[in-house]
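Biologist: I'm new to this one. Could you show me the structure and take a few questions?

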Amino acid sequence: MGTLASALTALQMEFSDDLTYLPGMAPQLANQAKFEQGGMQVLSKEDIEMLEQCRAMCKRGECPPLLVVFDSCEGYTVEADDQIKDLTILAEYSGDVDYIKNREHDDCDSMMTLLLARDPSKSLVICPDKRGNIARFINGINNHTPDGKKKQNCKCVRYDVNGECRVILVATRDIAKGERLYYDYNGYEHEYPTQHFV
Ligand SMILES: C[S@@+](CC[C@H](N)C(=O)[O-])C[C@H]1O[C@@H](n2cnc3c(N)ncnc32)[C@H](O)[C@@H]1O
């Protein structure tokens with residue numbers, strides 16, 4: 001994970017595996033899955049235990065085998081440093097939580113939707129511009145080429161975890177050592193431009 005440290009340092013970011021709530025941004029109370037338009041998929045009790053176990057393992061340094069590698073076309077990328085099994089929890093998307101309305105003119109390229117509320121003024125994003133983890137370095141597929149979909153080997157899913165929205169990245173097939181990780185940045189909304197993606 002040495003290269004994650006250098007990538008975070010290059011972007012002047014601090015490592016954080018958590019959602020952070022800061023004064024002037026959205027409070028933790030704003031993150032309620034019940035506000036999601038149409039409801040949010042609830043993570044089962046067993047899966048919550050599994051997620052907590054994964055987080056505890058990561059705190060002990062037992063993380064999924066992932067490396068951050070720099071590529072001259074794609075910028076920082078994440079690749080498997082060993083075989084990864086289908087359905088492995090790869091990471092939880094972390095960073096500062098803010099209202100989407102506060103970030104409409106923000107040019108951060110790694111913002112992630114956390115909550116799409118019935119009342120749009122309550123919608124939330126995760127902004128890993130100052131704090132974050134390996135999740136913000138995972139690249140996206142090109143939604144405009146037939147090969148784009150074939151490259152996808154993980155997905156990003158928003159879950160209701162004990163009433164709170166969380167974003168989890170999960171492998172969607174076995175991933176071989178040396179393979180780069182890709183997911184669909186437009187899995188929920190269709191607003192991320194990917195025409196220029198390799
Ligand atoms: C969430 S960041 C991913 C990490 C990023 N590569 C970096 O260096 O920080 C998203 C940005 O990465 C780049 N990116 C992601 N997927 C890409 C791809 N398939 N081809 C080229 N660039 C990509 C784009 O600049 C995009 O705006």
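Modeller: Here are some questions and answers about strands, a helix and a core. This is a predicted model, where local features need pLDDT of at least 70, side-chain atom pairs count only at pLDDT 80 or more, and totals for chains, interfaces and linings use all residues. Residues are numbered from 1 along each chain as its sequence is written.

Biologist: In the open sheet of 3 strands, what is the order?

Modeller: Strands are DSSP runs of E, at least two residues, numbered from the N terminus, and two of them pair if DSSP finds at least two bridges between them. Strands S5 (89–92) and S11 (154–161) sit at the edges, each pairing on one side only. The pairing is antiparallel and the order is S5-S12-S11.

Biologist: Which residue in S12 is the bridge partner of Tyr159?

Modeller: S11 and S12 (residues 164–171) run antiparallel over 8 bridges. In S12, Tyr159 finds its partner in Arg166.

Biologist: Which element gives the most to the largest nonpolar core?

Modeller: Such a core is a set of buried Ala, Val, Leu, Ile, Met, Phe, Trp, Tyr and Cys residues joined through C-beta atoms within 7 Å, buried meaning 20 or more other C-beta atoms within 10 Å of a residue's own, with C-beta atoms placed from the backbone. This core has 41 residues, and Leu114, Ile126 and Leu169 touch the most other members. With 5 residues, the top contributor is S12.

Biologist: How far apart are the end C-alpha atoms of helix H2?

Modeller: H2 (residues 45–59) has 15 residues, so at 1.5 Å a residue it should span 21 Å. The expected span is 1.5 Å times one less than the number of residues. The model agrees, with the ends 21 Å apart.

Terms used
Helices (H or I, at least four residues) and strands (E, at least two) are DSSP runs, numbered from the N terminus. A residue is buried if 20 or more other C-beta atoms lie within 10 Å of its own, exposed if 12 or fewer, and partly exposed in between; C-beta atoms are placed from the backbone.
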